[in-house]
Every structure is written in structure tokens, then in C-alpha cells.
Amino acid sequence: MKEIFLLAALVSVHEQVKFGTLCKGNPTNKHRKCDSFGCGNYGARRAGGTRKHMGLDIVCTDGDTVLAPFHVKINGPASPYTTGVNAAINDGLNLSGQGLCFKLFYVKPVETSGTVEQGQELGTMLPMQEVYPGITSHVHVQMCNKSDPTKYF
């Protein structure tokens with residue numbers, strides 16, 4: 001019975017977690033809608049219809065300050081692309097906090113280890129417009145297990 005209560009308590013805590021501001025210029029964490037490059041919601045189809053978008057895109061202007069959404073541990077760098085393409089924006093962070101493990105892509109980190117308090121700078125939004133002119137610039141939030149992060153926003 002104790003195990004069931006503990007599991008229920010953990011599920012309840014995770015459902016109550018909400019991300020604080022990610023991008024200084026977007027205090028409400030406005031989600032990227034659809035543009036000529038696709039849509040920013042979790043599960044959106046990608047070019048060719050064979051791939052699925054495995055994260056949630058939060059609007060962020062190129063060069064803007066990216067903030068810790070809550071107290072986080074920086075578990076190292078993270079790269080959205082596995083090949084050498086798109087080098088100008090191929091950077092990010094692997095983070096954990098509030099019982100969650102997640103990655104932020106298209107961010108040039110200030111540090112790649114340590115801890116950061118809510119609202120402190122994690123890095124800078126990379127120049128997405130240089131790679132994808134006309135896209136809605138954004139930070140991509142992806143859970144480590146690739147589940148849907150939308151409920152945390």
C-alpha cells in the first residue's frame with residue numbers, strides 16, 4: 001500500500017510542475033504555431049510525413065537570453081543534429097530538475113555543468129534565421145524519454 005501511495009504522490013508532483021519563463025523576451029512561454037517550416041507542437045508531422053516532432057517549440061528571438069525554468073542541474077551539452085549540418089544552431093543543454101529530465105535545443109550554453117536557479121541565464125538563443133530564414137525562431141524543449149512536454153507549460 002505504501003508503494004501505491006508513493007507512486008501516486010510522484011505522479012501528482014509531476015503533474016503540478018510548470019516551466020517558468022524560458023526566453024527573457026517571451027515571459028508567457030508562447031508556443032510556436034505553424035509556419036512555412038512546419039508546426040511547433042508535439043507530434044506535428046515533419047517534411048515527408050515520416051518523422052514526428054518529438055518536442056515543443058517555445059518562441060524565442062535569435063540572441064535572446066534563455067533562462068532556467070526552475071532550479072536545474074546541467075547534465076551536459078545536447079545537440080539536435082547528429083551530423084555536421086546546421087552547425088550554427090547545433091547546440092543545447094541536457095537538464096534535470098523538479099523530477100524531470102529534458103533537453104533545450106538551439107541554445108548556446110553559458111555552462112555545461114553545475115546547477116542554476118530559476119530565472120538565471122542558461123545561455124543565448126542561437127541564430128536560427130541564418131539557417132532557416134523566415135522560421136519562427138524558438139527553443140525546442142524535448143523530454144529525455146521523448147514524451148509530450150506540453151502539460152508542463
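Modeller: Let's fix one word before we start: a residue is buried when its relative accessible area is under 20%, exposed when that area is over 50%, and partly exposed in between (1.4 Å probe, protein chains only). By that rule, buried residues make up 41% of the 153 residues in this protein. Keep in mind that this is a predicted model, where local features need pLDDT of at least 70 and side-chain atom pairs count only at pLDDT 80 or more, while totals for chains, interfaces and linings use all residues. Residues are numbered from 1 along each chain as its sequence is written, and side-chain values use heavy atoms, with hydrogens and water left out.

Colleague: Okay, so how many helices and strands does the protein have?

Modeller: There are 2 helices and 11 strands. Both kinds are DSSP runs, numbered from the N terminus: helices are H or I with at least four residues, strands are E with at least two. Along the sequence you get α-β-β-β-β-β-β-β-β-β-β-α-β.

Colleague: What makes E4 and E10 a pair of strands?

Modeller: Two strands pair if DSSP finds at least two bridges between them. E4 and strand E10 (residues 121-125) are joined by 3 bridges and run antiparallel, so they pass that test of at least two. For one of the contacts, look at Leu 67: its bridge partner in E10 is Glu 121. These strands belong to an open sheet of 3 strands, in the order E4-E10-E8 with antiparallel pairing. Strand E4 (65-67) and strand E8 (107-109) are its edge strands, since each pairs on one side only.

Colleague: How do you know that Arg 32 forms a salt bridge with Asp 35?

Modeller: The rule asks for a side-chain nitrogen of Lys or Arg within 4 Å of a carboxyl oxygen of Asp or Glu. For Arg 32 and Asp 35, the closest N and O atoms are 2.9 Å apart, so the pair fits within the 4 Å limit. Arg 32 also meets the side chain of Asp 57 in a salt bridge, at 2.7 Å from N to O. That second pair links distant parts of the chain: Asp 57 sits in strand E3 (residues 56-59), and Arg 32 in the loop between helix H1 (2-16) and strand E1 (34-35), 25 residues apart.

Colleague: And why does Arg 32 count as buried?

Modeller: Its relative accessibility is 5%, and the cut-off is under 20%, so the label fits. Asp 57 has 1% and is buried too. Asp 35 has 19%, which also counts as buried.

Colleague: How many salt bridges does the count come to?

Modeller: The count is 3 salt bridges. The remaining one is between Lys 108 and Asp 91, at 3.5 Å from N to O. Lys 108 is in strand E8 and Asp 91 in the loop between strand E5 (72-77) and strand E6 (92-97), 17 residues apart. Lys 108 has a relative accessible area of 46%, so the word is partly exposed. Asp 91, with 16%, counts as buried. As for the other bridges, shared partners join Arg 32, Asp 35 and Asp 57 into one network.

Colleague: What makes the link of Cys 23 to Cys 60 a disulfide?

Modeller: A disulfide here is a pair of cysteine sulfur atoms within 2.5 Å. Cys 23 and Cys 60 have their sulfurs 1.6 Å apart, so they qualify. Cys 23 is in the loop between H1 and E1, and Cys 60 in the loop between E3 and E4, 37 residues apart. Cys 23 is buried at 1%, and Cys 60 is buried at 2%.

Colleague: Why is the disulfide of Cys 23 and Cys 60 called left-handed?

Modeller: The torsion about its S-S bond is about -60 degrees, so the disulfide is left-handed. Cys 34 and Cys 39, with sulfurs 1.9 Å apart, have 100 degrees and are right-handed. Cys 34 is exposed, at 55%.

Colleague: Which parts does the pair of Cys 101 and Cys 144 tie together?

Modeller: Cys 101 lies in strand E7 (residues 100-105) and Cys 144 in the segment after strand E11 (138-143), so the disulfide ties together parts that are 43 residues apart in sequence. Their sulfur atoms are 2.0 Å apart. Both cysteines are partly exposed: Cys 101 has 33% and Cys 144 has 28%. That fits the total of 3 disulfides, paired 1-4, 2-3, 5-6 when the bonded cysteines are numbered in sequence order.
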